[in-house]
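Subject: Structure handover

Hi,

Here is the structure I promised to pass on to you. Have a look at it first, and then read on for what I found.

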Amino acid sequence: MPAGTTTREAGLTGSGLKQKVARLRQAYAPHEHRPLEGYLKAMGTYAGVTAALVGVVRATGRPVPERPTPGDVVLLSIATHKLSRLISKDAITSPLRAPFTRYDHPGGSGEVMEQVRDEGSPTRHALGELVSCPFCLAVWVATGLTGGLVLAPRLTRLVATALTAVAASDFLQMGYAVAQRAAEGGHQEE
C-alpha cells in the first residue's frame, strides 16, 4: 500500500473491490458456482432499459394511464406468458439461446430443455439462465409490452392479441390431445 494510503482507501481500489466481490461470492455460495457478477450486469441492463423506456415516454409526452384496464392486464398477462415461453423454450427459437445454452432433450409440445453453459464468463452464464427460463424472462417481456402499451397501444394490443390467441390455441391443442388419447384408450378396451 502506498505511503499515506489508509486501509479503507485501499479497499476502494479496483483490486480491493475485486477481492471483496470474490469474498462475497464465496460466502454466498461456497459449494456452488453462482455468477453474481453476471446477475449484477443483467440487473443493470434491465434497469438501464427500463430507464430508457421511461425517458422515451417522457420525451414523447405520451400519457401514462393512471391504471391499466383489467382487459389490458389480462391480455398482457397471457401475451407475456406466451412470448416468454416462445423465447425461452420453443425449438424454433433455439438459435437465439444457443450461444448461452446447450441442448439437453425435447420438452414436449415443440419445446426443448437446455442446460446453461457454465464455461466462459459469468455474464454468459447469467444470460443463459435468463433466456432459458420463462419465469425469469417474463419480467423483461412484461416490461416491454407495458412500455409498448404506452408508446404504441394499438400495435401492442394487436401483437398481444396474436400471442394470446396462440396461447389459447396451445391449451386447446393439449386438451384435444388428452381427449384423443382418452377416446383411443376407450376403443382399445372394448
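Let me begin with a small question: where is Ser109 found? Ser109 lies in the loop between strand 1 and strand 2. Before going further, please keep in mind that this is a predicted model. Ser109 is exposed, at a relative accessible area of 64%. From C-alpha to C-alpha, Ser109 is 8.8 Å from Asp90, and the two are 19 residues apart in sequence.

Now for the overall picture. The protein has 8 helices and 2 strands, and from the N terminus the order is α-α-α-α-α-β-β-α-α-α. The C-alpha trace spans about 90 × 50 × 25 Å along its principal axes. Its radius of gyration is 23 Å, whereas a compact globule of 190 residues would be near 16 Å. Buried residues account for 24% of the 190 residues. The accessible surface is about 12,800 Å², with 65% of that belonging to carbon and sulfur atoms. Among contacts with a separation of 6 or more, 56% are between residues 24 or more positions apart.

On to the helix packing, which I enjoyed going through. Two packed helices are described by the angle between their axes and the distance between the axes. Helix 7 (residues 134-151) appears in two such pairs here.

The first partner is helix 6 (residues 122-131), whose axis comes within 6 Å of the axis of helix 7, with a crossing angle of roughly 85 degrees. Helix 6 is therefore roughly perpendicular to helix 7. On the helix 6 side the contact is made by Glu129, Leu130 and Val131, and on the helix 7 side by Cys136, Leu137 and Trp140. Sorted by class, this contact has 5 nonpolar residues, 1 charged residue and no polar ones.

The second partner is helix 3. The axes of helix 3 and helix 7 come within 10 Å and cross at roughly 5 degrees, so these two helices are roughly parallel to each other. Helix 3 brings Ala42, Thr45, Tyr46, Thr50, Leu53, Val56, Val57 and Thr60 to the contact, and these meet Val139, Trp140, Thr143, Gly147, Val150 and Leu151 in helix 7. By class, there are 9 nonpolar and 5 polar residues in this contact, and no charged ones. You will notice that Trp140 is listed in the contact with helix 6 and also in the contact with helix 3.

Which residues of helix 6 are buried? They are His125, Ala126, Gly128, Leu130 and Val131. The cover over them includes helix 3 (36-60), helix 4 (70-89), helix 5 (94-97), strand 1 (101-108), strand 2 (111-116) and helix 7.

Two single residues are also worth a look in your viewer. Lys82 is found in helix 4. Is Lys82 buried or exposed? With a relative accessible area of 11%, Lys82 counts as buried, because the cut-off for that is under 20%. Leaving aside residues up to four places away in sequence, Lys82 touches Leu163, Val166, Ala167 and Asp170.

Gly14 sits in helix 2 (residues 14-28). Gly14 is partly exposed, and its relative accessible area is 48%. Between the C-alpha atoms of Gly14 and Val139 there are 32 Å, and the two residues are 125 residues apart along the chain. Val139 is also one of the helix 7 residues that meet helix 3.

Happy exploring, and best wishes!

Terms used: Residues are numbered from 1 along each chain as its sequence is written. This is a predicted model: local features need pLDDT of at least 70, side-chain atom pairs count only at pLDDT 80 or more; totals for chains, interfaces and linings use all residues. Side-chain values use heavy atoms; hydrogens and water are left out. Axes are lines fitted to C-alpha atoms, for helices over the stretch in contact, and angles run from 0 to 180 degrees between N-to-C directions. Helices (H or I, at least four residues) and strands (E, at least two) are DSSP runs, numbered from the N terminus. Angles under 35 degrees count as roughly parallel, over 145 as roughly antiparallel, 65 to 115 as roughly perpendicular and the rest as oblique. Contact means heavy atoms within 4.5 Å. Ala, Val, Leu, Ile, Met, Phe, Trp, Tyr, Cys and Pro count as nonpolar, Asp, Glu, Lys and Arg as charged, and the others, Gly among them, as polar. The radius of gyration is taken over C-alpha atoms; the globule rule is 2.2 Å times the number of residues to the power 0.38. Buried means under 20% relative accessible area, exposed over 50%, partly exposed in between (1.4 Å probe, protein chains only). Accessible areas come from the Shrake-Rupley method with a 1.4 Å probe; for residues, only the protein chains shown count as cover.
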